[in-house]
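Visitor: I should like a close look at a single part of this model, followed outward into its surroundings. Please give the account in one piece, with cut-offs for the terms.

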Amino acid sequence: MGPLQIVLGTISVLFLIVSVVFAYRAVRAMIRIIRTGQPDSTRTRPVGPRLKTLVVESLGHTRMLKWSSIGVAHWFVFLGFYGLFLTLVEAFGEVWNPAFHLPLIGEWGLWNLFVDVIGTGTVLGILYLIVRRQLDHPRRQGRKSRFAGSNEGRGYFVEAIVLIVGVCILSIRAAKISAGLVEAPTWSHPASSALSNLFPANPDLVSVIAFVKIVASLVWLVVVSRLLNMGVAWHRFSAFFNIYFKREGTSGAPALGPLPPMTSGGEPIDFEDPDEDAIFGRGKIEDFTWKGMLDFTTCTECGRCQSQCPAWNTGKPLSPKMVIMDLRDHLYAKAPYLLGEKTASETAPDYDILKPSDEQVWASGYARIEGTNDAQAHRPLVGTLEEGGVIDPDVLWSCTNCGACVEQCPVDIEHIDHIDDMRRYQVLIESNFPSEAGVMLRNLENRGNPWGVSPSTREDWMKELDFEVRQADGPLPLDVEYLFWVGCAGAIDDRAKKVTKAVAELLHTAGVEFAVLGSGETCSGDPARRMGNEFVFQMLAQENVETLNGVFEGRVPGMRKIVTTCPHCFNSLGREYPQVGGEYEVVHHTQLLNQLVEEGRLTPVTPVDRKVTYHDPCFLGRHNKVYTPPREILESVQGLSTQEMHRCKDRGFCCGAGGARMWMEEKIGKRINMERTEEALDLDPDVISTACPFCITMLSDALTTKKQNGEAGEHVEVLDVSQILLRSLAPVGTPGTEHGADVGRKDDDVAGTGSAATEHGAQ
């Protein structure tokens, strides 16, 4: 041990002590802050499935590998950070004694091979990620960059530290080999052996490189300890907890499908007799649960959610990433007030004098208020720039609840839950929401449907069929297998009524006994819940559950079957109604029709010569993972040529109608339905097919505009999968089934078989 080793070793130990103190204080502060959130007792059990999900998602990198090349690179960096931790321990010995090896495993061939392979993978992986960050940088791509709005400096810092540490790991070993200090077999360090030719045979160099590795690692630790909102670094620790505590603890699925009930103090709110001090939604940062605060802390700023968001992709101010970042920054800036370390002044400051940063002006439309001050303590959670709001109203109301952000997030952040919780406060407490949505809510309360038409019109579609449709009047007879939940759109909207009639005809043809509620049906409540009016949802849901329980009276589980054409009703009835005592077996019409085709009860025999592309409805696809049945139905139809859009299945692009956006004006940026329709038209299809009445409306409206502008052929149509299947059951030679036959446009022409023929594929 020479003077160099003594000096470097002493500095390393002292720096370690300082770093550990900083890290301990940081972790303690972070835990204290997160614990200020509202309780949530649903996040810890069952332990077994949660642990399994944690292991599979973290070690298997299942979410990261949705983007394969980046996922592979990140996996090596991830494994290097944790798997090579012992090399840092070893470096503390090497800085004192260049010949030091870890006890027991230091000269073990397999351990050395592991270090060599993973160390090399870490260096190559971080180099690839650095290159990708630069290629995807906002200065090159502007808004299209997934890093737009991220803290680039922090990202560079983390990448630099990973690269330095990775290079040091290999360099220490190479220097030891060059100096003859390694006894491990040659096959166990191929990369280090190759590098050793670049190093002189000087043992002191080992100590110097080990010191650099230690300093780099501890500098990283000190920096992140001083920046609790540095998610790009802290996610290395918090991600494990965030994945374990995810909402869908049993299945391990993303937080999609049902929206959780409103809770206050960790308990669901009783809307018939709520507590006087009940918290309705999230009106302040401290109203979020501890899991929400953990979500904010864990955001890596990777921008995957942003890159998939239909609102962001069409020029709107909503970025799911920046929503989480802004909530996080506000949480940690307000923390001293939450912890009682500071007391806010009695009056709010004048927010007009605040100067927004250049980045935030374009990125999210409002200023971040930096630092811990009275402004942070008083600012509203949702508000305009002038009001000092953390989240701008235009950001909040741009969300379609499509779930693309949640599906893509590698650390299981629950964006939709947080956005809708903020909406709940705005609607129920502030009565502050888009005015046109207020009309929809009044219609739901007064007429039981968003359009405000008379409930008796729900039965009109049945008059246009050539067979009688049973209507439920009391408990269903045992020979009735399914209750057909028609839904508001399916009974009222002219385009959706064609789908309703097509499904009814198909079920009748297959010999499936079904009944409908007719005027006894009311809205499932999905639009109310998704825009934040939980009270109206509860009212409608309880009314429907009472009706359905009466219809299914005396039936055991497994015989309480419902089929519906609307994915929003499908999601509400099947996955949200259990929250209010409604337990039913709900299937989407594509699932049932596909089953009937497989069983031979429906046999597509007539070729339909059409080129079709299928659009995945968000609430059928991402929210409920129903991707295969609609496609299998299309595959069963002879003559169809199918082609997938670039964004499909779990990366499908929204039509723009979800999250109650169907009843709100789209005033900012490009219309989402126009973006999706253009993507479909790029494939030059004859038919854009889907399986949702909202999607049919949105895509049809956009297609009509395209036709009027001469940007789409008159023969192109939007059809539900069931309409195509019904057309394939028509007799051979029926108009609409032959080569070149056009789409039907008559109101009573369900399958589209009565229109004149045009040239196949003509423009």
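**A loop, its neighbours and the enclosed spaces**

Guide: Histidine 61 sits in the loop between helix 2 and helix 3, where helices (H or I, at least four residues) are DSSP runs numbered from the N terminus. The model is predicted: local features need pLDDT of at least 70 and side-chain atom pairs pLDDT 80 or more, while totals for chains, interfaces and linings use all residues. Residues are numbered from 1 along each chain as its sequence is written, and side-chain values use heavy atoms, with hydrogens and water left out.

The backbone at histidine 61 deserves attention: its phi is near 50 degrees, a positive value in a residue other than glycine. With a relative accessibility of 4%, histidine 61 counts as buried (under 20% relative accessible area; exposed is over 50% and partly exposed in between, with a 1.4 Å probe and protein chains only). A positive phi near 50 degrees recurs at serine 431, which is likewise a residue other than glycine. Serine 431 belongs to the loop between helix 19 and helix 20 (435-447). There the surroundings are open to the probe, for serine 431 is exposed, at 55% relative accessible area.

At the other end of helix 2, the loop between helix 1 (3-34) and helix 2 holds proline 46. Arginine 45 and proline 46 are joined by a cis peptide bond, with omega about 0 degrees. Proline 46 is partly exposed, at 30% relative accessibility. Its C-alpha atom is separated by 6.9 Å from that of glycine 249, although the two positions lie 203 residues apart along the chain.

Helix 2 and helix 3 lead on to the enclosed spaces. Rolling a probe the size of a water molecule over the atoms shows where empty space is left. A cavity is a set of points, on a 1 Å grid over the protein atoms alone, where a 1.4 Å probe fits but cannot get out; lining residues have an atom within 4 Å of a point. The model has 11 cavities of 30 Å³ or more. The largest cavity contains about 670 Å³ of space, a volume being the space filled by probe spheres set on the points. It is lined by 32 residues, of which Met64, His74, Leu129, His235 and Thr300 are the closest to its centre. At least two lining residues come from each of helix 2 (47-59), helix 3 (68-83), helix 5 (109-135), helix 7 (152-178) and helix 10 (231-244). This lining is made up of 18 nonpolar, six polar and eight charged residues (Ala, Val, Leu, Ile, Met, Phe, Trp, Tyr, Cys and Pro count as nonpolar, Asp, Glu, Lys and Arg as charged, and the others as polar).

The second largest cavity has a volume of about 150 Å³. Among its 17 lining residues, Glu90, Glu94, Ile172, Arg173 and Lys176 are the closest to the centre. Helix 4 (85-94), helix 5 and helix 7 each contribute at least two residues to this lining, and helix 7 gives the largest share, six residues. By class, the lining of the second largest cavity comprises seven nonpolar, five polar and five charged residues.

Helix 5 and helix 7 are also linked by a salt bridge, a side-chain nitrogen of Lys or Arg within 4 Å of a carboxyl oxygen of Asp or Glu. In this pair arginine 133 meets glutamate 159, with the closest N and O atoms 2.8 Å apart. Arginine 133 is in helix 5 and glutamate 159 in helix 7, 26 residues apart, and the pair links distant parts of the chain. Arginine 133 is buried, at 8% relative accessible area, and glutamate 159 is buried at 9%.

This pair is one of 52 salt bridges in the structure. Another joins lysine 291 to glutamate 414, with 3.5 Å between the closest N and O atoms. Because lysine 291 lies in helix 11 (residues 290-298) and glutamate 414 in the loop between helix 18 (404-408) and helix 19 (415-428), this pair ties together parts that are 123 residues apart in sequence. Lysine 291 and glutamate 414 are buried. A further salt bridge connects glutamate 599 with arginine 601, again with the closest N and O atoms 3.5 Å apart. Here glutamate 599 is partly exposed at 45% relative accessibility, and arginine 601 is partly exposed at 34%. Finally, salt bridges form a network that links Arg282, Asp420, Asp421, Arg424, Asp526, Arg529, Arg530, Glu534 and Glu576.

Notes. On a 1 Å grid over the protein atoms alone, a cavity is a set of points where a 1.4 Å probe fits but cannot get out, and a pocket is an open set with protein on both sides within 12 Å along at least five of seven lines; lining residues have an atom within 4 Å of a point.
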